[in-house]
Amino acid sequence: MNKISMLGIASLLACGSAFADAPPADGQWRGAGGAGMSMSTGNARNSSLNLVVDAARVTAVDKLSVYGQALFAQSKKDDDTTTTANMWRAGTRYDHNLNERVFGFGGLDLEHDQLKHLSLRGVLSGGLGYHLIKNADTTWDVFGGVAYKADRYMSPGVIIDGDSRRNYSSPELILGEESTHRLTETTSFRQRLVLFPNLRDTGEYRAIFDAGLAVAMNKTMNLTLSFQDRYDSLATSPAKQNDTLFIAGVNVKFGAQ
């Protein structure tokens, strides 16, 4: 089988979590992003494209962060084309310190996922958090609040509570924690776990877990390893309730140095 790699073997992995370093509180925008693409030909033709960006502006009293991710992959054999991934996510969150330990937050998240038949999901959220640890090497926050989720599904809809639906909305609780750790001068780790218990259908819930390790190669580039897990108890066949993604790659920092 002939194989053509546009960026070498690493291009399949060329962008995982953008993984911007924890920025200083100087009000300057900083972030990281990457893009990767791969193609193969022969008995089957495969292609994939992955884009990611993550940025934040931090001051002594607040933080504004934005993120985006897109993943598309397909496989072609003879005249048959199979889409193996077609999703994007984007969002923003604003945190405001009420005192040295307590902060308030508000956010908006958008998501599309063809394999889940999800045309668009919008989640508006807000709540309070607490800085358990906050120093130069480690930050660890816990937070909670409420969210409102509105889903629109592709035709003919999905089965929820025994009914075929094109739209589904529900209020949710938010229970979460996240931390960043500077392990060495060039290596950092971060993780985030958030649970969304459904307030409309008791017992149903969503869960999001992200973890990433970044090693600085130089002042502008990081080698990253990232793991993402998404669980939705309301997902029905052919969609699976649990999605996981592991990516290794390189991203480029941008913004103030």
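1. Start with the E4–E5 turn. In this predicted model, strands E4 and E5 make a hairpin, with four residues sitting between them. The two strands run antiparallel and are held by 11 bridges. If you want one pair to click on, take Met87, whose bridge partner in E5 is Asp113.

2. Now step back one strand. E3 covers residues 62-77 and E4 covers residues 80-97, and 16 bridges join them in the antiparallel sense. Phe72 is a handy landmark here, since Asn86 of E4 stands opposite. The E3–E4 hairpin has two residues between its strands, and one thing to look at there is Asp78, which takes a positive phi near 55 degrees.

3. Where does all this pairing lead? It closes into a barrel of 12 strands, with antiparallel pairing, in the order E1-E2-E3-E4-E5-E6-E7-E10-E11-E12-E13-E14. From one strand to the next, the twist averages 20 degrees. As a reminder, strands of a sheet pair through backbone hydrogen bonds, and they can do so in parallel or antiparallel fashion.

4. Strand E11 is worth following on both sides. On one side is E10 (residues 167-182), paired with E11 in the antiparallel sense over eight bridges. A hairpin connects E10 to E11 through four residues. For orientation, Glu177 has Leu193 of E11 as its bridge partner, while Glu178 has Arg192 of E11. On the other side is E12 (residues 205-216), antiparallel to E11 and joined to it by 11 bridges. Across that pairing, Ser188 faces Ala214 of E12.

5. Next, the hydrophobic interior. The largest nonpolar core has nine residues: Phe103, Phe105, Val123, Phe143, Ala147, Ile174, Val194, Phe196 and Ile208. Three strands give two or more residues to this core, namely E5 (102-113), E7 (138-153) and E11 (187-197). There is also a second core, separate from that one, with six residues; among them are Leu118, Val158, Ile160 and Tyr168.

6. Phe196 deserves a closer look. Which residues does Phe196 touch once its neighbours within four places in sequence are set aside? The contacts are Glu172, Leu173, Ile174, Glu204, Tyr205, Arg206 and Ile208. Of these, Ile174 and Ile208 are fellow members of the largest core. Arg206 does something else with this residue: its charged end sits over the Phe196 ring, 4.3 Å from the centre.

7. On to the aromatic pairs; the count comes to three. Why does the Phe105–Phe143 pair count as edge-to-face? The ring centres are 5.6 Å apart and the planes meet at 75 degrees, and planes over 60 degrees apart get that label. Phe105 is in strand E5 and Phe143 in strand E7, so this pair ties together parts that are 38 residues apart in sequence. Phe105 is buried at a relative accessible area of 9%, and Phe143 is buried too, at 7% relative accessibility.

8. Compare Phe209 and Phe227. Their ring centres are 6.3 Å apart and their planes are at 55 degrees, so this pair is tilted. Phe209 belongs to strand E12 and Phe227 to strand E13 (residues 221-232), so the pair ties together parts 18 residues apart in sequence. Buried or partly exposed? Phe209 is partly exposed at 28% relative accessibility, and Phe227 is partly exposed as well, with a relative accessible area of 31%.

9. Back to Phe105 for a moment, as its ring has a charged visitor. Arg93 lies over the face of Phe105, at 4.6 Å from the ring centre. So if you are inspecting Phe105, look at Phe143 for the edge-to-face partner and at Arg93 for the residue over the face.

10. One last arginine to check is Arg165, which lies in strand E9 (residues 163-165). Is Arg165 buried or exposed? At 18% relative accessibility, Arg165 counts as buried, because the cut-off for buried is under 20%. Leaving aside neighbours within four places in sequence, Arg165 is in contact with Tyr153, Gly157, Val158, Ile160 and Arg200. Two of those names, Val158 and Ile160, also turn up in the second core.

Terms used: Residues numbered from 1 in each chain as written. Predicted model: local features only at pLDDT ≥ 70, side-chain atom pairs only at ≥ 80, totals over all residues. Heavy atoms only, no water. Core = buried A, V, L, I, M, F, W, Y, C linked by side-chain atoms within 4.5 Å. Buried < 20%, exposed > 50% of the residue type's maximum accessible area, 1.4 Å probe, protein only. Contact = heavy atoms within 4.5 Å. Pairing = 2+ DSSP bridges. Axes fitted to C-alpha atoms, helices over the stretch in contact; angles between N-to-C directions. Phe/Tyr/Trp six-rings, centres within 6.5 Å; stacked < 30°, edge-to-face > 60°. Lys NZ or Arg CZ within 6 Å of the ring centre and 35° of its normal.
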